[in-house]
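Me: I am new to reading structures. Please take a close look at the side-chain contacts here, and give me the cut-offs as you go.

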Amino acid sequence: MEEIKLKKIGKNLWEVTEDFTHKDTTVTKTFKTDGASSPWWAKWLFPSVGEKYTTPSVLHDWWFKEKIGFRKANRRFYRAMRIWGVDKKTAKLFYRAVTLLGWTHYYFQGMIQ
């Protein structure tokens, strides 16, 4: 699978350098993301970028920004992780994490723009 192209622009901030399309979603150039939103204590195990889940994580951030629906964004995230070769156990862990903890970003804070 093709990976999304990112450049680091801050401590925990990346920018998409080329438009990226997956199915019916196009993440536009200059979109800003924090990649996989792992807590600081888990960054050694799940870094923000550079892993199989990087592109699905950026897609998930985009879906949150576009407000496609909290559950829909999370289900798409899980499916994208499996498409990009993330093992089932890790994909389920990420899915559960965004389902339990991601609602504050979706409903109240919004994503980085």
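Reply: What follows is a walk through the salt bridges, then a charge over a ring, the aromatic rings and one threonine.

This is a predicted model, where local features need pLDDT of at least 70, side-chain atom pairs count only at pLDDT 80 or more, and totals for chains, interfaces and linings use all residues. Residues are numbered from 1 along each chain as its sequence is written, and side-chain values use heavy atoms, with hydrogens and water left out.

Start with the salt bridges. A salt bridge is a side-chain nitrogen of Lys or Arg within 4 Å of a carboxyl oxygen of Asp or Glu. The structure holds four. One of them joins E15 and K7, at 3.8 Å from N to O. E15 counts as buried, because its relative accessibility is 14%. Here buried means under 20% relative accessible area, exposed over 50%, and partly exposed in between (1.4 Å probe, protein chains only). K7 has a relative accessible area of 42%, so K7 is partly exposed. A network of salt bridges links K7, E15 and K32.

Next, D24 bridges to R76, with the closest N and O atoms 3.1 Å apart. This pair links distant parts of the chain, 52 residues apart. D24 is in the loop between β3 (20-22) and β4 (25-27), and R76 is in helix α2 (residues 70-83). Helices (H or I, at least four residues) and strands (E, at least two) are DSSP runs, numbered from the N terminus. D24 is exposed at 60% relative accessibility, whereas R76 is buried at 16%.

E66 and K65 form another bridge, their closest N and O atoms being 2.6 Å apart. K65 has a second role to note: its charged end sits over the ring of W62, 4.2 Å from the ring centre. That label needs NZ of Lys or CZ of Arg within 6 Å of the ring centre and within 35 degrees of the ring normal.

Now the rings. Rings of Phe, Tyr and Trp (its six-membered ring) pair if their centres lie within 6.5 Å; planes under 30 degrees apart count as stacked, over 60 as edge-to-face and the rest as tilted. The count comes to six aromatic pairs. Y53 and F94 have ring centres 4.7 Å apart and planes at 40°, so their pair is tilted. Both residues, Y53 and F94, are buried. Y53, F77 and F94 form one aromatic cluster.

Last, T33 lies in strand β5 (residues 32-33). T33 is buried, at 1% relative accessibility. Its side chain makes a polar contact with the side chain of D61 at 2.4 Å. A polar contact is a pair of N or O atoms within 3.5 Å; within protein, one must be able to donate a hydrogen and the other to accept it, and residues adjacent in sequence count only if both atoms are side-chain atoms.
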